[in-house]
Amino acid sequence: MRECRTLAEDGPFEVLNALDATAMASVVARYRIDTIFNLVALLSAVGERNPQMAWNVNMGALNNSLEVARQHHCALFTPSSIGAFGPSSPKDSTPQDTIMQPTTIYGICKVTGELLGNYYHHKYGVDTRSVRFPGIISSVTLPGGGTTDYAVEIYYEAIRSGRFTCPVPSDVYMDMIYMPDALRACVELMEADPATLIHRNSFNLASMSFTPEIICAEIKKRLPAFTMDYNVDPVKKEIAESWPNSLDDTCAREEWGWKPEWDLSRMTDDMLEHIRMKLAAE
Ligand code: VAH
């Protein structure tokens, strides 16, 4: 972790193919990395367009990260997702330990990743840790192929055009989290005392849960002229409806002190402010 912080603040960046285990091992050895954050994934919607590629990329990068972490004695963070749940999981306040039969290749990769993370911890002692992320919302990076992408795109269109056509049904709840909270969760989990962890791969993580109608209303409080209509994408509809409405993150709160700091109102102010500045600069 210390190594990672140093690199992030002062150190260089290396670009490597996460499917190239030799290159990954070489970078880890060269910079004496003590913690690997493997965030490689083809997301839920794009994964359904090419399931074989999604499996090869997502699991190839994870397998390399696990093996490099094992051989080089690194800790490893690999995110799971609300997408690891499926239609047979309890919908509301989805428990930490429950049925997990996802119906997307992305979700299947995430459940497999959780099992592999726990396996490497129990069999080899690798310090693997993980959270089940909600949809992550950020003004810095544009979304790329996820079912929750609408919750970022809506803010851009509120500033750009004042209108948005939503691909997700108006009444479908999904858990969401603002990027500052997501990043803090990664660090706080990896810095937690391992003696307090009962779970490892992977912790339910909750912050806020809303529907397109709810986020639209929050934006309209600030931009009354903003309008939204719908052109529902059948793939995103099926995926979104298969996921939980809300997660129970009691274990994360009790085992390593998780507590979100951003709610929908505060996030909306921050997103609109930063996107205004970003688009003005462009
Ligand atoms: C997706 N943003 O929509 C990702 C995420 C919880 C959703 O995994 O696929």
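This briefing describes the overall fold, the ligand site and the surroundings of one serine. The structure is a predicted model. Its chain of 282 residues has a radius of gyration of 19 Å, which agrees with the value near 19 Å for a compact globule of that length. The protein buries 93% of the 270 Å² that the ligand exposes when taken alone. Ser130, treated last, is buried as well, with a relative accessible area of 3%.

**Overall architecture**

- The chain contains 11 helices and 11 strands.
- Along the principal axes, the C-alpha trace extends over about 55 × 45 × 40 Å.
- Of the 282 residues, 51% count as buried.
- The chain has an accessible surface of about 12900 Å², and carbon and sulfur atoms account for 55% of this area.
- When contacts between residues at least 6 apart in sequence are considered, 82% of them join residues at least 24 apart.

**Ligand site**

- The shell around the ligand consists of Leu43, Ser44, Ser81, Ile82, Tyr106, Phe133, Pro134, Gly135, Gly146, Thr147, Thr148 and Trp243.
- By residue class, this shell divides into six nonpolar and six polar residues, with no charged residue.
- Ser44 places a side-chain N or O atom 2.6 Å from an oxygen atom of the ligand.
- Tyr106 likewise approaches a ligand oxygen atom, with a polar side-chain atom at 2.5 Å.
- Thr148 has a polar side-chain atom 2.9 Å from a nitrogen atom of the ligand.
- Taken alone, the ligand exposes 270 Å², and 93% of this area is buried by the protein.

**Ser130 and its surroundings**

- Ser130 is located in the loop between β4 (128–129) and β5 (131–133).
- Its relative accessible area of 3% is under the 20% cut-off, and Ser130 is therefore classed as buried.
- The side chains of Ser130 and Ser202 are joined by a polar contact of 2.8 Å.
- The Ser130 side chain also reaches the backbone nitrogen of Ser80, at 3.3 Å.
- Leaving aside residues up to four places away in sequence, Ser130 touches Phe77, Thr78, Pro79, Ser80, Leu189, Arg200, Asn201, Ser202 and Phe203.
- Both polar partners of the Ser130 side chain named above, Ser80 and Ser202, are included in this list of neighbours.

Note on methods: Residues are numbered from 1 along each chain as its sequence is written. This is a predicted model: local features need pLDDT of at least 70, side-chain atom pairs count only at pLDDT 80 or more; totals for chains, interfaces and linings use all residues. Side-chain values use heavy atoms; hydrogens and water are left out. A residue is near a molecule or strand if one of its heavy atoms lies within 4 Å of it. A polar contact is a pair of N or O atoms within 3.5 Å; within protein, one must be able to donate a hydrogen and the other to accept it, and residues adjacent in sequence count only if both atoms are side-chain atoms. Accessible areas come from the Shrake-Rupley method with a 1.4 Å probe; for residues, only the protein chains shown count as cover. Ala, Val, Leu, Ile, Met, Phe, Trp, Tyr, Cys and Pro count as nonpolar, Asp, Glu, Lys and Arg as charged, and the others, Gly among them, as polar. Helices (H or I, at least four residues) and strands (E, at least two) are DSSP runs, numbered from the N terminus. The radius of gyration is taken over C-alpha atoms; the globule rule is 2.2 Å times the number of residues to the power 0.38. Buried means under 20% relative accessible area, exposed over 50%, partly exposed in between (1.4 Å probe, protein chains only). Contact means heavy atoms within 4.5 Å.
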